[in-house]
Amino acid sequence: MLPRKQAKTFLGACIVLYWLLGRGLKGQQCLSIANDIEQAALLFNMARQMLEADAELTELVDIVPSTKRIIVNGLYSFYAALSTESTTKTGFNPSLVIVDEAQDIADAALIRNITTGRTNRDDYLTIFVGTAGRRKDTTFYAEYEYAKQWKAGIIENDSYHAFIYEAGEHEDW
């Protein structure tokens with residue numbers, strides 16, 4: 001978790017572009033999901049702006065604003081921004097999933113559908129991005145609780161890592 005206005009969208013776009021272009025791997029499926037299409041478009045538009053600011057990078061990709069996709073020519077890789085409103089959330093084999101504003105997504109089946117396709121991959125990353133929320137009925141909150149237990153050494157999982165940036169319990173945020 002990061003506080004509001006800490007460039008989470010910018011960081012997410014950087015990670016997406018690195019995953020697509022910086023590693024040079026074929027067949028990368030990078031997804032971000034948000035609660036609505038406007039939120040989903042924020043990360044897509046940030047990545048698009050970064051690509052369009054560099055002529056060499058722009059030549060490597062096809063940007064499809066109507067479907068919020070960035071396709072990497074020759075690598076058979078793509079990035080797609082999805083929303084919970086979207087009907088196409090299965091059939092992916094993602095190497096990267098970014099769940100944006102995760103504290104607002106209560107549909108556990110949706111998160112499970114998006115992330116479980118990655119089990120065929122040796123190298124994958126799921127990132128939950130969100131700010132503090134009051135809801136405890138979300139996958140994000142369950143992941144947050146798991147991460148706290150992992151960090152405390154209560155849970156052992158060699159394939160897991162978590163970063164939690166948050167104010168202390170009694171600090172004013």
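How do strand 2 and strand 3 pair, and over how many bridges? Keep that in mind while you load the model, which is a predicted one, and take the stops below in order.

**Stop 1: the whole chain**

Start with a cartoon view. The protein has five helices and six strands, and along the sequence they are arranged as α-β-α-α-β-β-β-β-α-β-α. Now colour by accessibility: of the 173 residues, 41% count as buried. If you like contact maps, look at the pairs with a separation of 6 or more; residues 24 or more positions apart account for 67% of those contacts.

**Stop 2: strands 2, 3 and 4**

Select residues 61-64, which are strand 2, together with residues 69-72, which are strand 3. Here is the reply to the opening question: the two strands pair in the antiparallel sense, over four bridges. To see the register, show Val61 and find Val72 of strand 3 opposite Val61.

Next, add residues 77-83, which make up strand 4. Strand 4 runs antiparallel to strand 3, and four bridges join the two. Val72 is a handy marker again, as Val72 also stands opposite Ser77 of strand 4.

Turn on the side chains of strand 3. In a regular strand, side chains alternate between the two faces of the sheet. On strand 3, Ile70 and Val72 belong to the covered face, while Arg69 and Ile71 belong to the uncovered one.

**Stop 3: the two turns**

Which residue in the turn between strand 2 and strand 3 has a positive phi? Zoom in on Lys68: this hairpin has four residues between its strands, and Lys68 in the turn has a phi of about 55°. Most residues other than glycine have a negative phi. Lys68 is not a glycine, yet its phi is positive. Lys68 counts as buried because its relative accessibility is 18%, and the cut-off for buried is under 20%.

Move on to the hairpin of strand 3 and strand 4, which also has four residues between the strands. Gly74 in that turn has a positive phi of about 85°. In the loop between strand 3 and strand 4 you will also find Tyr76, a residue other than glycine with a positive phi near 55°. Is Tyr76 buried or exposed? With a relative accessible area of 65%, Tyr76 is exposed.

**Stop 4: Gln28**

Select Gln28, in the loop between helix 1 (8-22) and strand 1 (29-34). Gln28 counts as buried, at 3% relative accessibility. Leaving out residues up to four places away in sequence, Gln28 touches Trp19, Leu20, Arg23, Tyr76, Ser77, Phe78, Ser95 and Arg121. Draw a distance between the side chains of Gln28 and Arg23 to show a polar contact of 3.0 Å. Then draw one from the C-alpha of Gln28 to the C-alpha of Val72: these residues are 44 apart in sequence and 9.1 Å apart in space.

**Stop 5: two salt bridges**

Side chains of opposite charge can pair when their charged atoms come close. How many salt bridges does the structure hold? There are two.

For one of them, select Glu52 and Arg48, whose closest N and O atoms are 3.2 Å apart. Both sit in helix 2 (residues 37-52); they are four residues apart, so about one helical turn separates them. Glu52 is partly exposed at 46% relative accessibility, and Arg48 is partly exposed at 26%.

For the other, select Lys148 and Glu145, which meet at 3.4 Å, N to O. This pair lies in helix 5 (residues 139-151), three residues apart, so again about one helical turn separates the partners. Lys148 is partly exposed with a relative accessible area of 35%, and Glu145 is partly exposed at 24%.

**Stop 6: the rest of helix 5**

Stay with helix 5 and highlight its buried residues: Thr139, Phe140, Tyr144, Ala147 and Trp150. They lie on the same side of helix 5, because they cover an arc of only 135° around the axis. Now check the length: at 1.5 Å a residue, the 13 residues should span 18 Å, and the end C-alpha atoms are 18 Å apart, which agrees.

Finish just after helix 5, at Gly153, where phi is positive at about 85°.

Definitions and conventions
Residues numbered from 1 in each chain as written. Predicted model: local features only at pLDDT ≥ 70, side-chain atom pairs only at ≥ 80, totals over all residues. Heavy atoms only, no water. Buried < 20%, exposed > 50% of the residue type's maximum accessible area, 1.4 Å probe, protein only. Pairing = 2+ DSSP bridges. Salt bridge = Lys/Arg side-chain N within 4 Å of Asp/Glu carboxyl O. Expected span 1.5 Å × (residues − 1). Arc of directions from axis to C-beta. Contact = heavy atoms within 4.5 Å. Polar contact = N/O pair within 3.5 Å; in protein donor to acceptor, adjacent residues only side chain to side chain.
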